[in-house]
Amino acid sequence: MTENNVRRLWTNDELDEALASLRAEEPTGRRTLAAANNALVNAVRSLEGKSIPAPETAPLTEFKGKPASRAGRRWWISAAAAAVVIAVGVTVVTSGADSSGPTSASAPRVKFLSVRQALNTAADKIHVIGETPVPAGKFRYVATRTWLLWNDSRIPAAFAGERLTETWQPSDFAGQWLLKTAPTGSRKWLIGDEQTLKAGTEKLNGGHGADLSEYWPSGEWRAAGGKFPGKAMAIVGRSADEWGAPTEQRLADLPRDPQQLYDLMAADLSVVNKPKLGGVLDIAAQLLKTGTLPADLKESLYRAVAKIPGLKVTEQVANLDGRTGVALGVDPVDGTFRMEIIVDPATGEFIGERRTRLKRDDNDITTAGINPGTVTFSSSVQTAVADEQGVVPPGQ
Amino acid sequence: MTRAERYAAAGAAGGDDRPDLCGPDLQPIFQSLFDRHARDVRRYLASRAGPVAADDLVGETFLIALQRRASYDPARASARAWLFGIATNLLRQHARAEIRYLRMTARDHGTPVAHGHADRVADQVDAQVRVRELAAALAGLAPGDRDVLLLSSWGELDASEIGAVLGIPAGTVRSRLHRVRRLLRARATPKAPPSLEGERDDD
């Protein structure tokens with residue numbers, strides 16, 4: 001051992017002194033904790049059924065112009081991810097295979113005074129209606145139309161682009177599933193148009209316009225049991241975990257007791273880790289979007305969702321792709337956006353999910369210029385029974 | 001043991017920070033909990049992940065506490081220890097941010113004094129070097145070791161409380177704490193802190 005390798009041991013006091021030096025200073029006062037305190041107070045009030053003032057939601061809104069860009073930021077590389085990150089949405093689900101059930105014509109006529117009332121009513125209905133099983137040898141066809149907002153702060157253009165995602169689930173759950181996804185080409189321009197987008201990208205890329213297809217990929221995958229690769233699920237905006245892509249066994253094993261189901265969702269790492277996202281409501285939406293939930297699980301899920309602290313009726317009659325239901329939403333802890341699910345209490349059907357920007361943040365490339373009240377993502381789902389895999393059923 | 005019996009046992013044990021979090025009126029219960037512990041929890045979080053992250057995480061800690069109030073067992077731990085446990089679990093999910101913060105501290109902490117009595121200057125420089133070395137060493141610790149050490153040093157929890165919130169025996173906490181302190185006293189940085197450049201923030 002060389003002399004250089006001989007190091008004097010610290011004393012316990014020296015170690016404690018160094019640890020104390022690394023310890024943060026006391027916060028300056030209650031103001032530092034005000035946001036946390038407000039979030040807690042709101043959550044408690046909501047839990048106790050007391051009203052909390054909240055801004056109204058609104059459909060896609062006009063842009064009022066954009067701020068100056070942030071110089072020196074490598075934004076384009078992450079443009080696709082950015083667009084996805086800000087995606088917030090609406091999923092509309094109809095049970096096409098169950099045409100005998102009530103339809104969207106039976107829109108909610110009564111006002112639901114509480115989340116619990118709305119969801120429990122839906123749960124009661126779901127218990128009656130149930131899901132339609134896939135007939136032997138047939139396929140459950142699920143078509144999801146998703147609208148994603150594309151935005152950056154240095155180009156005078158922003159649009160919501162539509163993507164169609166289709167899955168064919170065999171009657172044997174463990175069999176081969178098929179997933180197809182592609183942009184439809186439909187765009188809703190919030191600011192600018194194709195020309196301003198092209199000109200802006202060329203200016204930023206030294207005369208070379210960016211090919212947006214890179215950020216709006218297409219694809220087709222087959223997978224046993226619906227276990228599609230993570231990349232495919234990311235493209236279509238679904239989680240590839242046990243909530244977004246549950247196995248048949250998982251669906252069978254999930255608790256039918258609402259409290260147990262709620263506790264399981266609340267304990268999920270994605271909820272603990274990412275409380276700024278939709279939390280338990282996000283997980284519930286992931287499950288509901290699969291279109292594979294047995295009726296008893298769906299009922300339990302509604303009753304579990306009713307237990308989410310801070311969940312409130314955000315819109316009595318929300319219209320998504322022509323279907324109406326009551327919107328139930330939460331504002332995650334930092335209050336930057338609202339996540340909602342839309343449920344038709346008259347039928348018990350899960351109509352969709354929706355996310356709405358609540359705060360303007362011009363410091364972020366993905367949110368710069370987006371006004372509060374902007375719905376930044378939407379998708380709709382139609383389900384039906386298909387005779388053949390890869391073939392769209394008539395009427396879809 | 002019923003809930004009432006657990007409270008009675010907790011009270012008999014002398015714990016006065018063991019509220020019934022499932023009482024009928026949540027507002028005063030949780031406001032009291034927040035008023036009593038939020039500053040300490042935030043300071044602990046700020047020490048480990050930096051002040052910006054701490055402002056978010058302290059809110060998340062109390063929201064999770066609200067959601068999971070039924071799981072709080074006053075016979076096992078004080079409310080303070082339980083909250084530190086929640087905060088520590090949250091930090092586990094933000095381990096990248098914590099390690100990055102510690103490495104930044106290791107790089108930036110302290111500016112050597114340029115004047116004053118020579119011995120005092122030397123002592124201060126030694127102390128600053130120690131702090132930087134410690135920050136680097138903390139970043140290289142196994143997460144479980146770091147939790148035990150910092151719950152003890154910054155959270156000011158005793159071994160039984162740490163064991164309760166981490167779900168490990170108090171004896172294991174003591175032996176782990178002894179081992180980690182011995183390691184740090186020898187300034188044994190498990191691995192050299194790499195450059196910050198090129199790191200991605202996945203949090």
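**Exercise 1. Two helices of chain B**

Which residues in α4(B) meet which residues in α8(B)? Work this out in the predicted model, and then describe how the two helices are arranged.

*Solution.* Begin by locating the two elements: helix α4 covers residues 79–93 of chain B, and helix α8 covers residues 159–166 of chain B. On the α4(B) side the residues that take part are B:A81, B:W82, B:F84, B:G85 and B:T88, and they meet B:E161, B:A164, B:V165 and B:L166 in α8(B). Sorted by class, this contact has 6 nonpolar, 2 polar and 1 charged residues. Next comes the geometry, where the axes lie 9 Å apart and the helices pack at an angle of about 50 degrees. Since an angle of this kind falls in neither the parallel, the antiparallel nor the perpendicular range, α4(B) and α8(B) are therefore oblique to each other. As a last step, consider the handedness, for α4(B) passes α8(B) in a right-handed crossing.

**Exercise 2. A second partner for the helix**

Describe the crossing of α2(B) with α4(B), and list the residues through which these helices meet.

*Solution.* The axes of α2(B) and α4(B) come within 10 Å and cross at roughly 35 degrees, and the crossing in which α2(B) passes α4(B) is right-handed. From α2(B) the residues in the contact are B:L33, B:H37, B:V41, B:Y44, B:L45, B:R48 and B:A49, while α4(B) brings B:A79, B:R80, B:L83, B:F84, B:A87 and B:L91. By class, the contact divides into 10 nonpolar, 1 polar and 2 charged residues. A comparison of the residue lists then shows that B:F84 of α4(B) takes part in the contact with α8(B) and also in the contact with α2(B).

**Exercise 3. The cores**

How many residues does the largest nonpolar core have, and which residues have the most contacts inside it?

*Solution.* The largest nonpolar core has 64 residues, and those with the most contacts inside it are A:L40 and B:A87. Helix α2 (residues 26–49) of chain B gives this core its largest share, which is 10 residues. Separate from it there is a second core of 37 residues, and A:L320, A:A327, A:I342 and A:V343 are among its members. Return now to A:L40, which, when residues up to four places away in sequence are left out, touches B:F30, B:F34, B:F62, B:L63 and B:L66.

**Exercise 4. Where the chains touch**

How many residues does each chain give to the contact between chain A and chain B?

*Solution.* Chain B gives 38 residues and chain A gives 33 residues. Looking at the side of chain B that touches chain A, one finds that α2, α3 (51–67), α4, α6 (118–140) and α9 (170–185) each supply at least two residues. Of these helices, α3(B) supplies the largest share, 11 residues. The residues on this side of chain B divide into 19 nonpolar, 8 polar and 11 charged.

**Exercise 5. The two chains as wholes**

Set out the secondary structure of each chain, together with the percentage of its residues that count as buried.

*Solution.* Chain B comes to 9 helices and 0 strands, and 43% of its 203 residues count as buried. Chain A comes to 11 helices and 10 strands, and of its 396 residues 43% are buried. For contacts between residues at least 6 apart in sequence, 71% in chain B join residues at least 24 apart, and in chain A the figure is 70%.

**Exercise 6. Buried or partly exposed?**

Decide whether α10(A), B:E156 and A:Q176 are buried or partly exposed.

*Solution.* Helix α10 (residues 279–289) of chain A is mostly covered, with 11 of its 11 residues buried, and just after this helix A:G291 takes a positive phi of about 70 degrees. B:E156, which lies in the loop between α7 (143–153) and α8 of chain B, counts as partly exposed because it has 13 C-beta neighbours inside 10 Å. Phi of B:E156 is near 60 degrees, a positive value in a residue other than glycine. A:Q176, in strand β4 (residues 176–191) of chain A, is partly exposed as well, with 14 other C-beta atoms within 10 Å. Leaving out residues up to four places away in sequence, A:Q176 touches A:P170, A:R222 and A:A224; from A:R222 it is 46 residues away in sequence, yet 6.3 Å in space, C-alpha to C-alpha.

Conventions. Residues numbered from 1 in each chain as written. Chains lettered and ligands numbered in written order. Predicted model: local features only at pLDDT ≥ 70, side-chain atom pairs only at ≥ 80, totals over all residues. Core = buried A, V, L, I, M, F, W, Y, C linked by C-beta atoms within 7 Å. Buried ≥ 20, exposed ≤ 12 C-beta atoms within 10 Å, placed from the backbone. Helix = DSSP H or I, 4+ residues; strand = E, 2+ residues; numbered from the N terminus. Contact = placed C-beta atoms within 7 Å. Axes fitted to C-alpha atoms, helices over the stretch in contact; angles between N-to-C directions. Parallel < 35°, antiparallel > 145°, perpendicular 65-115°, else oblique. Left-handed = near helix turned anticlockwise from the far one by under 90°. Nonpolar A, V, L, I, M, F, W, Y, C, P; charged D, E, K, R; others polar.
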